[in-house]
Structure formats: C-alpha cells, structure tokens
Amino acid sequence: MAYYGSIEAGGTKFVCAVADEELKIIERISLPTTLPEATLEQVFTFFDSYDLTALGVGSFGPIDVNCKSSTYGYITSTPKPGWRNIDLLGALKARYDIPIAWTTDVNAAAYGEMHLGAGKDTQSCIYLTVGTGVGGGAVVNGVVLQGFSHPEMGHISVQRYPNDTVESACPYHDNCLEGLAAGPALEKRTGIKGQSLAFDHDVWAIEAFYLAQALMNYTLVLSPEKIILGGGVMKQAQLFPMIRESLKQQLGDYVALPPLEDYIVGCDLEDNSGTMGCLLLAKEQCA
C-alpha cells in the first residue's frame, strides 16, 4: 500500500493529511502555525506513524521554487514572525528520504481544483484566494506555472476605485490588490470585520471593482479557461455576480469570454483544494 502525504503550510495553520493510492484521505490534522521548530515537531509526530511513499507541500510564501537557487525550498521574505529564511523543504527532506513536491499553497489549490474540482474540464485555470491576504496560483497546459519564482497575484497594482482613499493594508505597496481588497482592507473602510458585514453593504461594490480589475489583468495575460475564487471573503455569495458584471464593464468587450457564470466560479473542493492538490503532486512524484 502506497501512502501519500500532504502539507498545506499556512501562516495560521498547517493542515497535514495522509491518503491511500486512490487519494482517499485516511487521516488529517490541523496544527497552529507557531515557531518553526515547534510546528515541525508536531508535523513529524503525525507523519512518522506512516511509511510515506511521497509528500506534497504547498506553503505560504514567498518561497524559493527555483531548484538552481542556493535557497531552494526556503520560505523567504515572509512577514510571519520566526519564519523568514526558514529551510522548510530541507527540514522535511532531512526527516524523510522520499520524493517531495514543493510549491505554494495557492498553486497547490489551483492544481487540486483543476484536476478534481471546479476546473476539472479544463487544462488551464487560475485559483485566487481572498481572505486575510490575497494569493493566486495558475495551472497552464496542465502544469503549475512558475518561472524564476512563483506568481504573486495578490500584489499586482490596481487603479483605485473613485474616491477610495483608504490606506493600503499591505506594508509593501500602496495600490496592490491585497492592500485594497483583502479582509483587513474591508475592515479599514468600514470598521467591521468582513464576515460581519451586511450582504448589501456599499463596500461590496468597491470589493467587486478591485477583484474584477485583477481578473481582467489575469485574463488578458494568461487567458485561463476558468477562474476559481476561494477564501473567506468569497463566502459572500453576492460578490460573484457583482464581480462578473464589473469585469464585463471594465473589459469593454475587448475579448470574447466564455459565459461569465461558467468562467468565474467558486471552489468545488471548498477548503480541501490545497490538500488535494498536494496529494496529487505527491502521487505524481512516483509516476
């Protein structure tokens, strides 16, 4: 029996899972992300009970995915206390002498959704998560997209909504998508946490404008067959038609899109997108 492991390494929690050859999950745990040594000790305790065949890791970032780099496998310039310049992949390889797939958490989620979820009838998709931060992953021609590094879709520059003068929630950029559309930006504008905002609050029009602007840019650059939106903010179902309408207006009929109800969709795998993507990547290490 082959056992495949998955680590969805987030800034708030590590979700670890083990699945069988059919990718049926046998056991899963969620651990708080504390400091690296303490967190990894719990990760090792969980996986040491299994004779793993391969492991897939999708990590919060930024991370180094360039296998020619001296810091390949590191979490690099993260603001997460204690995790900057941590060799996460190296620590896992030192513990387990098995093939390990290494990518971002959002790339893993994109891969899971394309193969098993909302994008399973495609060969290319974008997955964007909108919550405490904004992150995106892409699969192009069935392969996770990366170059010298991985996409940082949450930090593209966007034009401000008319008369929106709120201070960016991003410490690096004044006008990036994350700084203006993530959960903390909603709270800065309203004084209310996103999950407590009324579904018909005026702020959702601003949110839809920024997200649609980003989706327009992704569409023009990558032409994905499907865009999948997840994360806590996207649990506000009223946002989907607002984003589609704003995208239509901002794009101005420049390119012909598929029906927008099919093009911009939610996750089919819900909170399991990243875990399933990691398990798939782990299994492919042995193909």
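**Exercise 1. Surroundings of Ile243**

Determine which residues Ile243 touches in this predicted model, leaving aside residues up to four places away in sequence, and identify the core in which Ile243 is among the members touching the most others.

*Solution.*
Step 1. The model is predicted. With residues up to four places away in sequence excluded, Ile243 touches Ala208, Leu211, Ala212, Leu215, Leu229, Met234 and Ile264.
Step 2. Ile243 belongs to the largest nonpolar core, which holds 38 residues. Together with Leu128, Leu177 and Leu229, Ile243 touches the most other members.
Step 3. At least two residues of this core come from each of β8 (125-130), β9 (134-140), α4 (177-181), α6 (203-222), β11 (226-230), α7 (239-251) and α8 (260-263). The greatest contribution is that of α6, with 12 residues.
Step 4. Another core lies apart from this one; it has 27 residues, including Phe14, Val43, Tyr50 and Leu52.

**Exercise 2. Strand β1 and its partners**

For strand β1 (residues 4-9), state how many residues are buried and in which sense the strand pairs with β2 and with β4.

*Solution.*
Step 1. All of β1 is covered by the burial criterion: 6 of its 6 residues are buried.
Step 2. Sort the side directions. Tyr4, Ser6 and Glu8 point one way from the strand, while Gly5, Ile7 and Ala9 point the other way, and both sets are buried.
Step 3. With β2 (residues 13-19), β1 pairs in the antiparallel sense over 6 bridges. The two strands form a hairpin with 3 residues between them, and Gly5 stands opposite Val18 in β2.
Step 4. With β4 (residues 54-59), β1 pairs in the parallel sense over 6 bridges. Here Glu8 stands opposite Gly58, and the bridge partner of Gly5 in β4 is Leu55.

**Exercise 3. Strand β4**

State how many residues of β4 are buried, and describe the pairing of β4 with β7.

*Solution.*
Step 1. In β4, 6 of its 6 residues are buried.
Step 2. Ala54, Gly56 and Gly58 point one way from β4, and Leu55, Val57 and Ser59 point the other; every one of them is buried.
Step 3. β4 and β7 pair in the parallel sense over 5 bridges. One position of this pairing sets Leu55 opposite Ile100 in β7.
Step 4. Combine the exercises: β4 pairs in the parallel sense with β1 and also with β7.

**Exercise 4. The buried face of helix α2**

Explain why the buried residues of α2 line one face of the helix, and list the elements against which they pack.

*Solution.*
Step 1. In α2 (residues 88-95), the residues Leu88, Leu89 and Leu92 are buried.
Step 2. Viewed down the axis of α2, these buried residues fall within an arc of 95°, and therefore they line one face of the helix.
Step 3. The general geometry is that an α-helix has 3.6 residues a turn, so residues three or four places apart point the same way.
Step 4. The buried residues pack against β1, α1 (36-47), β4, β5 (74-75), β6 (86-87) and β7 (100-104).
Step 5. Asp87 caps the N-terminal end of α2, with a side-chain oxygen 2.9 Å from the backbone nitrogen of Gly90.

**Exercise 5. Helix α9**

Compare the span of α9 with the expected one, and decide whether the helix is largely enclosed or not.

*Solution.*
Step 1. Helix α9 (residues 273-284) has 12 residues, and its first and last C-alpha atoms are 17 Å apart. This is close to the 16 Å expected at 1.5 Å a residue.
Step 2. Because 10 of the 12 residues are buried, α9 is largely enclosed by the rest of the structure.
Step 3. The buried residues are Ser273, Gly274, Thr275, Met276, Gly277, Cys278, Leu279, Leu280, Leu281 and Ala282.

Notes: Residues are numbered from 1 along each chain as its sequence is written. This is a predicted model: local features need pLDDT of at least 70, side-chain atom pairs count only at pLDDT 80 or more; totals for chains, interfaces and linings use all residues. Side-chain values use heavy atoms; hydrogens and water are left out. A nonpolar core is a set of buried Ala, Val, Leu, Ile, Met, Phe, Trp, Tyr and Cys residues joined through side-chain atoms within 4.5 Å. Buried means under 20% relative accessible area, exposed over 50%, partly exposed in between (1.4 Å probe, protein chains only). Helices (H or I, at least four residues) and strands (E, at least two) are DSSP runs, numbered from the N terminus. Contact means heavy atoms within 4.5 Å. Two strands pair if DSSP finds at least two bridges between them. The arc is that of the directions from the helix axis to the C-beta atoms. A polar contact is a pair of N or O atoms within 3.5 Å; within protein, one must be able to donate a hydrogen and the other to accept it, and residues adjacent in sequence count only if both atoms are side-chain atoms. The expected span of a helix is 1.5 Å times one less than its number of residues.
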